[in-house]
Amino acid sequence: MLDFVNKAKWDAWNSLGSLSKDEAKKSYVELVNGLILSEAPAKDTASLSTGQKYDTLQVITEDNITKIFLNRPEKKNAITLQMYKEIGLALDEAAKDDNTVITVLTGHGDYFCSGNDLNNFTNIPPEGKEKMASDSAVILEAFVSKFIDFPKPLIAVINGPAVGISVTILGLFDIVYATDRATFHTPFSQLGQSPEGCSSYTFPRVMGLSKAVEVLLFNKLLTAHEACKLGLVTEVFPDATFQKEVWGRLRSYGELPKNSLVFSKQLIRDTEKEKLHAVNVQECERLKERWLSDDCMNAIISFFQKKAKL
């Protein structure tokens, strides 16, 4: 009774009656295909309705601004492996687009981003968890490199709580604007993991060593105003007027001469690129080891057990 697929196969076989072997085979294939389709996850239609090629993002270019919206609001914009790749693709296209002066990353819904979708750690390939960890490290390193190398002004518009990777990459942005209801949390040690996004280098430089240790090692959650005081956030806006104030300001930035902005960013950022890439590689190597560790696996299992009880 509980084995739905096998029961369906048995019912299908019993219902074939006097059909010929070829007819029976055809009926069986049609039934199984129907079962597969019914079990397949629903495709995100947001990108289809706008004619875009992204399943997890909404990307709009207007007023000389490329706006990249994380578009999984029902999952608090948790980042899947597909989402990592799509954000990288969107950044590549914005970098090449002559109509783009500045690029903005923000989120749809109440959250900016809730960090990694922990289902990333449950889809273990046939080759084993070592293959999963290695592939994930390659994806993460490539993802972070897109931010390190992005040539145009890159601005984060933090529309709500930010967790994990969505916090650690903020040190690679040129400006970070946040609503006053945003929070910033990097609970790495709670999950048996270690920092990424070059935060092991950028956070101590931005906020000082002891504050960075509180955030990255001891899971301290920062309010928007605390993050601004520490230098991680550029400016905080009242939530009621956040969208209006921020986008009005960004439209004025989009009217500035593109090449002037690009060359100015090069002067500010290029001296540290080599160091940032080295840190990125080192962090990903450490994370690959962490993902295979017992404490990381146990922490993730514990997370799903707690989630199942809710």
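**Sheet, helix and salt bridges in a predicted model**

Colleague: At 27% relative accessibility, does Arg249 count as buried, partly exposed or exposed?

Modeller: The structure discussed here is a predicted model. A residue is buried under 20% relative accessible area and exposed over 50%. Because Arg249 has a relative accessibility of 27%, the class of Arg249 is partly exposed.

Colleague: With which residue does the side chain of Arg249 meet in a salt bridge?

Modeller: Arg249 belongs to helix α10 (residues 242-253), whereas the partner lies in strand β9, so the pair ties together parts that are 14 residues apart in sequence. The partner has a relative accessibility of 29% and therefore counts as partly exposed. From N to O the distance is 2.6 Å, and the residue that meets Arg249 is Glu235.

Colleague: Strand β9 is part of an open sheet of 6 strands; what is the order of the strands in this sheet?

Modeller: The pairing in this sheet is mixed. β1 (57-62) and β9 (235-237) each have a single partner strand, so they stand at the edges, and one side of each is left without a neighbour in the sheet. On average, neighbouring strands are turned by 20° against each other, direction ignored. Read across the sheet, the order is β1-β2-β3-β4-β6-β9.

Colleague: In which sense do strands β3 and β4 pair?

Modeller: Strand β3 covers residues 102-107 and strand β4 covers residues 154-158, with 3 bridges between them. Across this pair, Val104 stands opposite Ile155 in β4. The sense in which the two strands pair is parallel.

Colleague: Why do the buried residues of helix α8 lie on the same side of the helix, and what arc do they cover?

Modeller: The buried residues in α8 (residues 209-216) are Ala212, Val215 and Leu216. An α-helix has 3.6 residues a turn, so residues three or four places apart point the same way. Among the elements that cover the buried residues are α7 (199-207) and β8 (222-223). These residues are on the same side of α8 because the arc around the axis is only 85°.

Colleague: Helix α7 also holds Arg205; which residue meets the side chain of Arg205 in a salt bridge?

Modeller: At 55% relative accessibility Arg205 counts as exposed, while the partner, at 22%, counts as partly exposed. The partner lies in the loop between α11 and α12 (273-291), so the pair ties together parts that are 67 residues apart in sequence. The distance from N to O is 2.9 Å, and the partner of Arg205 is Glu272.

Colleague: How many residues apart in sequence are the parts tied together by Arg269 and Asp174?

Modeller: In this salt bridge the closest N and O atoms are 3.1 Å apart. Side chains of opposite charge can pair when their charged atoms come close. Arg269 lies in helix α11 (residues 258-269) and Asp174 in the loop between α6 (165-168) and β6 (175-179), so the separation in sequence is 95 residues.

Colleague: How many salt bridges does the structure hold?

Modeller: Some salt bridges form a network, which links Arg286, Glu289, Arg290 and Asp295. For the structure as a whole, the number of salt bridges is 17.

Colleague: What pLDDT does the chain average?

Modeller: Of the residues, 81% score at least 70. Over residues 1-13 the pLDDT is below 50, and this stretch has 6 contacts beyond near neighbours in sequence. Residues 31-51 stay under 50 as well, with 15 contacts beyond four places in sequence. The average pLDDT of the chain is 86.

Conventions
Residues numbered from 1 in each chain as written. Predicted model: local features only at pLDDT ≥ 70, side-chain atom pairs only at ≥ 80, totals over all residues. Heavy atoms only, no water. Pairing = 2+ DSSP bridges. Helix = DSSP H or I, 4+ residues; strand = E, 2+ residues; numbered from the N terminus. Axes fitted to C-alpha atoms, helices over the stretch in contact; angles between N-to-C directions. pLDDT = per-residue confidence, 0-100. Contact = heavy atoms within 4.5 Å. Buried < 20%, exposed > 50% of the residue type's maximum accessible area, 1.4 Å probe, protein only. Arc of directions from axis to C-beta. Salt bridge = Lys/Arg side-chain N within 4 Å of Asp/Glu carboxyl O.
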